[in-house]
Amino acid sequence: MLWVLLLAWLPSAVACSSDSGDPANSDGPETVSGEFAGTIRLGAALSETGRYSVEGRDSRQGYDTWLRWVNEMYGGIRVGDRRYRAEIVYYDDESDADTAGNLTQRLIDDDRVDFLLGPYSSGLTTGTSAIAEANNVLMVEGNGTSDTMFERGFQNLFLVATIASDYTRSGIEALAAAGARSAVIAHEDTSFATAVAQGAVRHLEAQGIEVLAVETYPKDIQDTSAIMTKFRDLGPDLFVGGGHYNDAVLFVNSAKELGFEPDGMLITVGPSNPKLVAELGADVDGVLGPTQWEPSMEYAGPYFGSAADYAGYYESLWGEPPVYQAASATAAALALHLAIEAAGTVGTDAVRAALRGLSADTFYGPISFDDRGVNVSKPMGMVQVQDGEILVVAPQAAATASLRYPLGDGSGGAGPGRGSSGLGQLPQAIVNGIALGGMYAVLVLGFSVIWGVMGVINFAHGEFVMVGAYLAWLGNDVWGIDPFVSVPLVFVVMTAFGYGVQRLLVDRVIDRPHLVSLLVMFGVAIILQNAMKLIFSADFRRSSTALDGSWRITEGLTVPVTKFWILVVALGVLGGLSLLLSRSRLGKGIRAAAQNREAARIVGIDVSKVYLIVFALCIGITGAAGALVSPVLAVQPFQGPPLTLKAFAITAMAGLGSIRGALGGAMVLGLVEAGLAIYVEGVGTNLAVVASFVILVAALVLRPQGLFGGLRPVDATAA
Amino acid sequence: MRAVAAALLAWLVVLPLLGATDSTLFTMTLMLTSVAVAVNWNLTGGFTGYVDFGHAVWFGVGAYVTAILMSLQANALGIGWPPVPAILLGALVSGLLAALIGRATMRLRGPYFSIAMLGTFVAVREIVRTWGGLTGGGVGLTLPPYLNRTLFYYVELVLVVGLVTLVWWLRRSRFGAALVAIREDELGAEMRGIATTRLKVAVFSFAGASTGLFGGLWAYQNTFVDPDIAFTEVRTIDAIMGTLLGGLGTVAGPVLGSVALYWLREALWANLLDYHLVAQGVLLILVVLFLPRGIVGLFDRRGWSVRRLWRSGTTQETEPARSTTQETEPARSPAGASSTAPASGATEDARIPERGTADAADRTGSSAGSRRPATSVAAVPGSPSRSGAEDLHDIGGPAGSGRVRADSPAEVGAGDRSATGVAALAGTGIVKRFGGLTAVDGVDIEVGSGEMVGLIGPNGSGKTTLFDCLSRVAAIDAGSVSLEGADITRLRPHRVARLGVSRTFQIIRVYRDLTVLENMELSIQWDRVGVRGLFGRTDAATRAKAEELLEFLMLGPLRDEPAGTLSGGQRRLLEIGMALMSDPVLVLLDEATAGVNPALVEEIKQRLRAVNSERGVAFLMVEHNVQFVADLCERVVVLDAGRKLAEGPPRQVMEDPAVIEAYFGPGRGHAGAGCEP
């Protein structure tokens with residue numbers, strides 16, 4: 001019976017949510033609606049939740065800015081002699097491609113929208129625009145700029161923003177004019193960042209600038225020191241890179257750490273964001289970045305007035321200045337609006353023709369579309385951080401300051417090590433690897449011991465690291481406590497937390513099979529990730545410590561100070577726990593319980609208490625490790641899963657519950673990752689990410705008992 | 001239930017005709033996809049007990065192969081394939097890759113398999129991302145836009161209904177029973193002749209191909225793939241959560257659970273925004289803790305329950321699976337064994353005519369030329385030629401189907417064998433080392449056709465290890481094993497079992513969660529099943545045989561009880577019954593009397609004797625109960641420290657000073673001899 005109920009309810013649930021998910025109807029200016037001849041209905045799937053929730057909200061505010069303006073200030077869309085009220089139906093696509101596609105179909109079928117506005121991000125726009133194309137509905141957008149979307153020959157997709165491959169164009173032209181002659185490129189391997197980098201290569205070569213190297217790296221990268229080591233030794237004039245806000249932080253930090261000082265740094269995402277300046281201070285001075293739009297740009301048009309006027313109106317509505325994502329959204333809606341008025345009808349073919357013929361000056365810059373549907377008349381802007389201020393330096397038409405180039409002494413990044421490769425980088429690779437290994441060792445310890453002693457696979461391990469890191473960041477941000485100081489405090493708090501989790505959950509499933517505890521901990525992971533995201537948002541955070549900078553041993557070898565002290569603390573923790581296990585009575589009890597739960601019970605060891613102590617202690621150590629690495633690894637709600645997987649890999653390689661093994665495995669993984677990243681051209685950093693999983697599977701299949709011994713042999717294979 | 005399913009299906013079929021919009025069909029199509037992935041996941045995760053944390057990898061592989069073939073962007077394989085061959089090829093590639101990876105990763109058990117698959121998932125995704133020339137790298141690939149959602153919906157509906165029907169049928173076939181046997185006790189299943197590796201990899205590969213098929217369909221529908229949307233953990237998580245919610249290891253479970261989850265998410269999603277993800281985590285924990293059998297469990301009180309999977313099923317920890325653990329024998333005083341009454345001379349003598357009868361029975365069986373086992377026990381009336389033991393005269397049925405196992409390697413020499421007593425099983429110079437320890441050190445052992453041989457020795461003398469070597473559970477380091485003259489040294493355990501060697505275990509291995517009858521039905525001659533039989537259901541003859549054997553072993557009244565509820569002695573009897581189901585040439589009994597009360601020991605003794613004399617089944621038994629061995633066996637082999645210490649009739653062996661010294665230590669030989677062993 002349940003079958004029928006559930007399936008029958010589904011379409012009705014769908015129908016219900018389409019009513020409830022439409023706040024635009026009630027937000028509309030009811031006071032003036034009587035004057036309108038009718039309603040033109042637009043629709044958009046936007047990310048209110050998930051990865052893009054912040055940018056999704058900005059985009060929605062951008063669309064709503066146009067909506068308020070067109071209905072309240074402009075008096076509705078003028079079609080012929082009549083005025084139509086505009087309306088936008090929104091759905092939350094949860095930053096998920098399937099959901100966005102489904103909702104776009106729903107907007108077309110159920111809500112019968114006349115036109116579509118784009119979602120946020122290239123990934124989501126790619127899928128939704130295909131549905132728009134298939135249903136012959138026009139979609140105008142400003143926040144999906146990947147080139148591949150416009151190579152499909154679609155007739156119904158229009159982009160008001162500058163396309164990804166042109167992001168760096170104006171900046172590179174200005175830098176070439178200032179004398180740059182060589183460059184290196186590093187980019188995230190996602191759709192958008194790859195398009196930006198491919199465009200950058202083209203523009204660099206067109207300007208006669210030699211491209212010395214192109215490196216890719218995976219999304220959510222946590223360490224760019226290998227890439228920067230390679231680049232330092234190539235000694236280019238320019239560094240061009242990016243893909244994500246966090247990458248900008250990593251590049252600036254690791255360039256400083258490793259003594260890589262190019263004449264110009266052009267970072268594709270980040271520099272236009274005031275947060276970056278606030279976070280990095282003077283270190284980010286001189287860094288260049290592209291921007292779609294800035295309120296200070298010298299653009300103006302008959303609608304909204306100048307860029308500054310638009311910014312003022314926006315701020316009056318939302319209480320915050322507009323970011324370019326919002327301006328792009330407003331401009332997309334505006335372009336559609338102008339095309340409807342030019343066409344004098346809402347018919348798709350007529351409006352499409354009007355969009356093709358559109359040529360308008362706006363607060364956002366000039367808008368006119370080419371055959372692909374891309375706005376080619378608005379150049380990308382470029383900003384430079386100058387003495388803590390973000391100033392537009394290119395193109396000339398919009399610039400408010402002049403470009404500073406070269407930075408520093410003008411010698412480029414070129415040291416004596418210029419052009420060196422091969423063995424010349426070995427010492428740095430080893431230092432990087434050991435630093436990475438030290439971090440991994442302290443991060444993996446708690447996971448390994450809990451598994452070894454209790455037989456529980458703590459799938460929420462990375463999340464306990466994350467919570468500890470947030471605690472340290474909070475202490476750092478609110479009270480200015482150095483993370484190295486807050487480590488013991490976080491340890492105490494997280495031990496209490498671990499105690500609670502053990503009493504409430506783990507204790508109930510400890511005698512049940514692995515799968516049960518695994519799934520319970522997996523549930524804990526989901527809860528912690530999303531709870532932290534609700535509390536702190538998905539922004540990347542980082543603690544600052546007094547123990548930063550680097551020691552330069554020789555020209556080609558630097559030792560990062562923070563990572564060095566992390567290694568020292570890690571070795572201390574490992575040594576302490578090792579002594580506890582081998583020397584104390586508690587340690588003997590723990591080892592007995594690990595080897596045979598029943599036998600330990602029989603000889604009078606209170607196994608439940610042992611487990612309680614072990615779990616609480618390990619969660620304490622894990623949280624403290626999170627606090628310890630919070631200056632180095634970005635703190636964010638979803639940093640956990642990759643750490644859990646690395647913990648698996650190291651534990652599988654090392655053997656369960658072995659402290660020496662954890663250290664050895666972590667060092668092996670750190671060295672392999674650092675070596676691959678430095679010695680493999682182009683995709684080394686990607687390979688380093690895969691390495692841990694290859695090691696994981698190979699270690700499990702080939703040597704299930706681990707390389708370094710452990711509390712008990714891993715009984716992994718069937719006979 | 002059938003009517004409900006039919007009504008539901010009818011509703012799904014007419015849905016597009018009732019004016020459902022494209023977006024409703026799109027929603028339903030996505031839901032059908034998640035149902036299909038969950039059903040496939042359940043094949044390995046639920047039935048076979050291999051919990052796969054990386055199942056979404058096959059979805060991504062299918063999607064990518066389809067996308068590469070259909071892509072509008074040029075690549076090495078050309079552009080713009082039509083959808084049907086592209087999607088089918090995607091499924092094929094997924095299936096082949098699954099077979100390849102499954103062969104490696106399915107050697108691992110429990111959480112190790114789960115983690116290895118998670119690693120495989122991430123590694124494949126990163127390879128796809130890095131291999132830009134073929135896959136478009138992080139940029140992804142675009143496909144031609146797709147228009148007809150109604151057609152798409154019907155295609156998916158037909159495929160999902162087909163898939164569920166297939167799984168339903170599979171579950172009722174011997175194949176499905178074998179998968180459950182693998183989940184319950186993989187080594188036990190292998191020992192009873194199930195080709196566990198082949199079956200589990202086959203089902204893993206099928207699930208991979210099927211999920212790949214739906215991945216290809218999804219790519220076509222989505223018109224765009226990139227590594228992050230084609231390979232997303234969410235699909236694995238949804239499959240696991242849907243299956244758990246519906247009922248792990250059931251046919252309807254993943255279907256119900258996925259639909260419920262989809263519906264629940266729509267409901268939560270409308271009202272909870274970001275909180276719905278937190279709520280999902282809470283839901284997962286609650287289901288795992290409080291609804292371990294899922295929605296299906298609420299309706300179904302019995303059936304193929306998975307309770308045991310939750311209690312103790314999937315891990316090695318509670319299973320005595322490895323031969324190394326079996327080596328440690330339970331602490332037991334050898335003196336205890338020797339203090340039991342000695343074998344009486346009369347019993348000893350009485351064995352000799354019995355042996356003769358057994359051979360006669362054997363000869364009868366062979367000369368009857370019956371190369372196949374009797375298909376119906378009732379149809380072949382027994383011809384007990386046995387004297388004495390009147391209380392067993394009414395077990396003609398099983399005896400009739402008895403010693404007809406003539407499909408062995410030495411088949412051609414069957415006549416010789418019975419006449420000359422060619423060894424049923426012979427081990428020559430067997431050596432087995434564990435690291436530095438030589439557990440079995442050059443032992444020769446032989447069991448004649450229809451003979452009953454005892455294997456005794458102090459704790460740690462290598463008896464069970466020798467058993468493991470003979471049944472091929474453990475690889476031997478030197479020496480050879482032959483069965484009726486044919487070399488079986490290199491065969492896998494299930495091959496050995498199929499050739500007619502059954503065994504029981506020191507620590508009882510029955511499928512605790514299955515009923516007594518189901519246990520028996522799983523212990524058939526798997527080599528006779530064939531492909532058709534593998535997909536067929538248990539036939540009447542097998543059932544009749546199982547019931548008859550259960551009656552014979554006094555387990556008739558318990559046939560529908562889960563084996564886990566039987567007493568220790570009853571489980572021993574059940575194990576013996578299971579060993580006899582495949583009409584073996586030889587049964588290896590590993591401590592058949594351990595933990596069994598003395599009254600039942602006597603019963604077991606009588607039953608074994610009857611089986612031996614009436615069916616000509618040979619026995620090799622490891623025993624600590626010397627009385628038991630002395631009563632049953634005409635010949636005893638004594639092991640000490642991995643070497644053969646003595647061999648001969650029980651009484652003679654017991655008086656051997658070397659044996660006494662091995663049991664009681666040096667210097668006590670005389671006292672030991674004085675005391676009847």
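What percentage of the 719 residues in chain A is buried? In this predicted model, buried residues make up 61% of the chain. The fold of chain A is built from 24 helices and 19 strands. Its C-alpha trace spans about 95 × 75 × 50 Å along the principal axes. The radius of gyration of chain A is 28 Å, which agrees with the value near 27 Å for a compact globule of 719 residues. Contacts were also sorted by sequence separation: among those in chain A with a separation of 6 or more, 74% are between residues 24 or more positions apart.

A helix of chain A gives a friendly close-up of this burial. Helix 8 covers residues 225-234 of chain A, and because 10 of its 10 residues are buried, this helix is largely enclosed by the rest of the structure. The buried set includes the charged-name entries A:Lys230, A:Arg232 and A:Asp233, along with A:Ile227, A:Phe231 and A:Leu234. Just after the helix comes A:Gly235, with a positive phi near 60°.

One residue that touches helix 8 is A:Leu258, which belongs to helix 9 (residues 245-258) of chain A. Why does A:Leu258 count as buried? The reason is that A:Leu258 has 27 C-beta neighbours inside 10 Å, whereas 20 are enough for a residue to be called buried. Beyond its neighbours within four places in sequence, A:Leu258 is in contact with A:Ser225, A:Met228, A:Thr229 and A:Arg232, and also with A:Ser550 and A:Thr558. A:Ser225, A:Met228, A:Thr229 and A:Arg232 are themselves buried residues of helix 8. The C-alpha atoms of A:Leu258 and A:Met228 lie 7.3 Å apart, although 30 residues separate the two in sequence. The pattern of partners in helix 8 can be read with helical geometry in mind. An α-helix has 3.6 residues a turn, so residues three or four places apart point the same way.

Attention now turns to chain B, where 6 strands form an open sheet of mixed pairing, in the order 8-9-10-5-11-12. Its edges are strand 8 (501-503) and strand 12 (643-648) of chain B, each of which pairs on one side only. From one strand to the next, the twist averages 20°. Helix 22 (residues 463-470) of chain B packs on this sheet and touches strand 5 (452-456), strand 8, strand 9, strand 10 and strand 11 (635-640) of chain B. The direction of helix 22 makes about 150° with that of strand 9 of chain B.

Within the sheet, strand 10 of chain B offers a detailed view. Strand 9 (residues 586-590) and strand 10 (residues 618-622) of chain B run parallel and are joined by 5 bridges. In this pairing B:Leu588 stands opposite B:Leu620, and B:Val587 stands opposite B:Phe619. The connection from strand 9 to strand 10 of chain B passes through helix 28 (residues 598-615) of chain B, and this β-α-β crossover is right-handed. Strand 10 of chain B also pairs with strand 5 of chain B, again in the parallel sense, over 4 bridges. Here B:Met452 stands opposite B:Phe619.

Which way do the residues of strand 10 of chain B point? B:Ala618, B:Leu620 and B:Val622 point one way, while B:Phe619 and B:Met621 point the other way. Residues pointing in both directions are buried, and strand 10 of chain B is mostly covered, with 5 of its 5 residues buried.

Definitions and conventions
Residues are numbered from 1 along each chain as its sequence is written. Chains are lettered from A and ligands numbered from 1 in the order in which they are written. This is a predicted model: local features need pLDDT of at least 70, side-chain atom pairs count only at pLDDT 80 or more; totals for chains, interfaces and linings use all residues. Helices (H or I, at least four residues) and strands (E, at least two) are DSSP runs, numbered from the N terminus. A residue is buried if 20 or more other C-beta atoms lie within 10 Å of its own, exposed if 12 or fewer, and partly exposed in between; C-beta atoms are placed from the backbone. Two residues are in contact if their C-beta atoms, placed from the backbone, lie within 7 Å. The radius of gyration is taken over C-alpha atoms; the globule rule is 2.2 Å times the number of residues to the power 0.38. Two strands pair if DSSP finds at least two bridges between them. Axes are lines fitted to C-alpha atoms, for helices over the stretch in contact, and angles run from 0 to 180 degrees between N-to-C directions. A crossover is right-handed if, with the strands pointing away from the viewer, the path from the first strand over the helix to the second runs clockwise.
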